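Biologist: I'm new to this one, so could you pick a single part and take me through it closely? After that, please show me what else there is to look at.

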Amino acid sequence: MDLTSINPVLLVASLMVAATPILLAAIGELVVEKAGVLNLGVEGMMIIGAVSGFAIAVETGSPLLGFIAAAVGGALLSLLFVFLTQVALANQVASGLALTLFGLGFSALIGQSYVGIRPPATGQLNIPFLSELDVVGPILFSHDLVLYLSIAIVAAVWYMLKFTRAGLILRAVGENHDAAHALGYKVVRIRIMAIMFGGACAGLGGAYISLVRVPQWTEGMTAGIGWIALALVVFASWKPWRVLLGAYLFGGVTVVQLNLQAAGVAIPVEYLAMSPYLITIIVLVILSKDKSSAPASLGRIFHASH
Amino acid sequence: MTTPLLSLQGLTKAYPGVIANNNVSFDIGEGEVHALLGENGAGKSTLVKMIYGLVKPDSGQMLLKGEVFAPVEPRAARADGIAMVFQHFSLFDALNVAENIALGMEDPPDMRDLAAKIREVSENYGLPLDPYRTVGDLSAGERQRVEIIRCLLQDPKLLIMDEPTSVLTPQEVDILFETLLKLRSEGTSILYISHKLEEIRTLCDHATVLRLGENVGECTPADTTASEMAELMVGSELKTPERAAREMGEVALDISGLSVPSPSEFGTALRNVHLTVRKGEILGVGGVAGNGQDELLGVLSGETLTEADAVKMDGQPIGRLGPTERRRLGLLTAPEERLGHAAAPDMSLTENAMLTGSVREGLESRGFLKWGEAAAFAERIIEVFDVRTPGPENAARSLSGGNLQKFVVGREVLQRPEVLVINQPTWGVDASAASSIRQAILDLATGGAAVICISQDLDELMEISDSFAALNEGRLSAPRDASGLTVEEIGLMMGGAHGMEVAHV
């Protein structure tokens, strides 16, 4: 075993890449849940984003258009969830599961002709002097734009929820939709917008896997990342920066354990493979001891009765 | 004649199968406290929702200061100076006071300015509030203050209050009335919805009575007796429950020195509770909601287990017995929360009758259920307690609150309890049904059962109970003879002045 083969700078740089899909999906779901909706279809929206982003990027040769298509694809699929839960008032858990199953199947169908192709490479930031810096350069200044965008979204969500009126209204809707309705807020409209935002974020996260992290298309390639994102939102107590922390922790342990496997550490591979899940959950459980609870209307069906 | 502030003209609103309001007209003058009276289902809420822009009338119109007023949404109503304090508080528990108030405003100022303004207005009106406290931690009275301040910050011309005093102690009611009178003196009109007639008589200038969606009469409350108003509301003479003279037997239920933590996170722990009820006695337990009522009920019903000796029935320790064993012994309970605790909302009335009646009514044998007999039992409850429903196969959820209340109370009463524990027996029930439920409780006691009645309705407790005790922060005051207690004394018992008995004796 040779631990010296692990380069800490590259490790940090690659953990950020590994964490970005989860981060995007989770921050989107955080907004959805803050609005009082439990969308378990994250995995489905991610994989639809992965395949539509991949397909458009390949067809047009532009990763940027691919990412846009991924966000649109995820948001479109979330409209199905909107129809089921906000219009037909169906159960949110069942609808979310259906969304995941549908997304997995549908993406496999669309993706058949894209197996084994390489997508166009996503450009990376290259700022003359800064990107060449020793440690800071690879970590902070030489990623692709979507990675920076993901951090910007976290900051924007945090700012919006904490300091703006729109954020206050969103939280109010998730906290007590009957009261919000009585005050004259459009509960369903606000929720639809939140769900579509969540879908777009999940789609971006999916495309990040198929265009940047893995760069290829295979069936079911999201491999449960969407479920991790869902768990992350809960364990992060619905706080944006904790979602970032949890995602990077998960990405970090994933990268470390891959490096350890490569270095031939004498720990069975199965233990290494489960470590990201275990460590992330343990850390976030400890952090979430402060009892900040779920939005009170989470998962409840809203019906304006009057 | 001056133009009234708000004039309702022939408002009609129909829902499928029911006309909520039929051609209702009345005027609210400037600076007038106008009472809107009526039983449950009389159409008060629908009417108010139309004024507040939540519901559009089918026909008829409203004039605000002589001009046509047709709010399309609450926002428009608020912009025209209509503010409303809801019956079920429309507050957000996880947000703080200032955030809650900001949500109810069209154009809220910066949080810091808003907080300063909340402090100022709340102290001006004698309702002090800390803008940064989380609403979930406030008492019911304080939550209502939040709602009132939210309205006052918009300088309303008309303040609508829907059953504002149902959650307050008598002292808090006094404070509220002072605030309302101060508002009136400043020229604000108030539309005050209540079915507490004495309150209306002390506070209101004018009253409109609704029955079955129609305006059946107006009166000046100060010149009208409570029973006259009640008759207008009900449409017939109201029977007050009769108390037969009865003998107190030996002690039926005894709790001594009981302290238990609350099973729920935000609940109140019971602290050193002593309580005895004798056969034929009705013990009234008063207190503001959230002071340990649910926990006390849990301890009595067997949902919360205690040390065996802490709860005794007929001298036998029952602290370790669960609800079913206690039912077998004759200790029955009817909890407050109708949907979800007293009844399973999506199950039929027959199934709900089975759920608590199986033991005492012999509705099961060797694990098999006798549905025929359960249905007959449900039918009997429906008939005896005048539950308005097409039949026992309907889901509990489909009944109106008052009807379901009659069902859950009737279900326990008809099982011939030795000891009946009942929480909020007439919550949300209209006057005539409430009086028949109270009569049933009194009859039960006359028949020799011991009854513990937990309620927030002091008039009710005074009407039926023999002795009275108050819960305050999980402590139960020493019980006192109910006859001769004044409202002031009760208020002090509820507010926690535990030394009062000592001072009197």
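**A strand with two partners**

Modeller: Start with Leu37(B), whose bridge partner in β9(B) is Val209(B). Before we go on, keep in mind that this is a predicted model. Leu37(B) and Val209(B) are a way into a parallel pairing: strand β3 (residues 33-37) of chain B and strand β9 (residues 206-211) of chain B are joined by four bridges. Now stay on β9(B) and look at its other pairing. Five bridges link β9(B) to strand β10 (residues 214-219) of chain B, and here the two run antiparallel. One pair to find on screen is Leu210(B) with its bridge partner in β10(B), Asn215(B). As a bit of background, strands of a sheet pair through backbone hydrogen bonds, and they can do so in a parallel or an antiparallel way. β9(B) takes part in both kinds, with β3(B) parallel and β10(B) antiparallel.

What happens between β9(B) and β10(B)? The two form a hairpin with two residues between the strands, and Leu212(B) there takes a positive phi near 50 degrees.

Chain B also has an open sheet of four strands, and that's a good next stop. Its order is β2-β1-β4-β5, with antiparallel pairing. At the edges sit β2 (18-28) and β5 (67-69) of chain B, each of which pairs on one side only. From one strand to the next, the twist averages 30 degrees. If you zoom in on the β5(B) edge, you'll see strand β4 (residues 59-64) of chain B pairing with β5(B) in the antiparallel sense over three bridges. Look for Met62(B) there, standing opposite Phe69(B) in β5(B).

Next, a helix. α13 of chain B covers residues 401-413, so to speak a run of 13 residues, and reaches 18 Å from its first C-alpha to its last, close to the 18 Å expected at 1.5 Å a residue. This helix is mostly covered, with 12 of its 13 residues buried. Among the buried ones are Leu404(B), Phe407(B), Val408(B) and Val409(B), but also Lys406(B), Arg411(B) and Glu412(B). What lies over them? The cover includes the strands β16 (331-334) and β19 (419-423), along with the helices α11 (349-357), α12 (371-384) and α14 (431-446), from chain B.

Now swing over to the other chain. Chain A comes to 13 helices and zero strands. Of its 306 residues, 48% count as buried. A compact globule with 306 residues would have a radius of gyration near 19 Å, and chain A has 20 Å, which agrees. Along the principal axes, the C-alpha atoms of chain A fill a box of roughly 70 × 45 × 45 Å. Contacts in chain A also reach along the sequence: among those between residues at least 6 apart, 79% join residues at least 24 apart.

Finally, see where the two chains meet. Chain A brings 12 residues to the contact and chain B brings 17 residues. On the side of chain A that touches chain B, the elements giving two or more residues are α8 (165-175) and α9 (177-182) of chain A. α8(A) gives the most to that side, with five residues. By type, the residues on this side of chain A divide into seven nonpolar, three polar and two charged.

Notes:
Residues are numbered from 1 along each chain as its sequence is written. Chains are lettered from A and ligands numbered from 1 in the order in which they are written. This is a predicted model: local features need pLDDT of at least 70, side-chain atom pairs count only at pLDDT 80 or more; totals for chains, interfaces and linings use all residues. The expected span of a helix is 1.5 Å times one less than its number of residues. A residue is buried if 20 or more other C-beta atoms lie within 10 Å of its own, exposed if 12 or fewer, and partly exposed in between; C-beta atoms are placed from the backbone. Two residues are in contact if their C-beta atoms, placed from the backbone, lie within 7 Å. Ala, Val, Leu, Ile, Met, Phe, Trp, Tyr, Cys and Pro count as nonpolar, Asp, Glu, Lys and Arg as charged, and the others, Gly among them, as polar. Two strands pair if DSSP finds at least two bridges between them. Axes are lines fitted to C-alpha atoms, for helices over the stretch in contact, and angles run from 0 to 180 degrees between N-to-C directions. The radius of gyration is taken over C-alpha atoms; the globule rule is 2.2 Å times the number of residues to the power 0.38.
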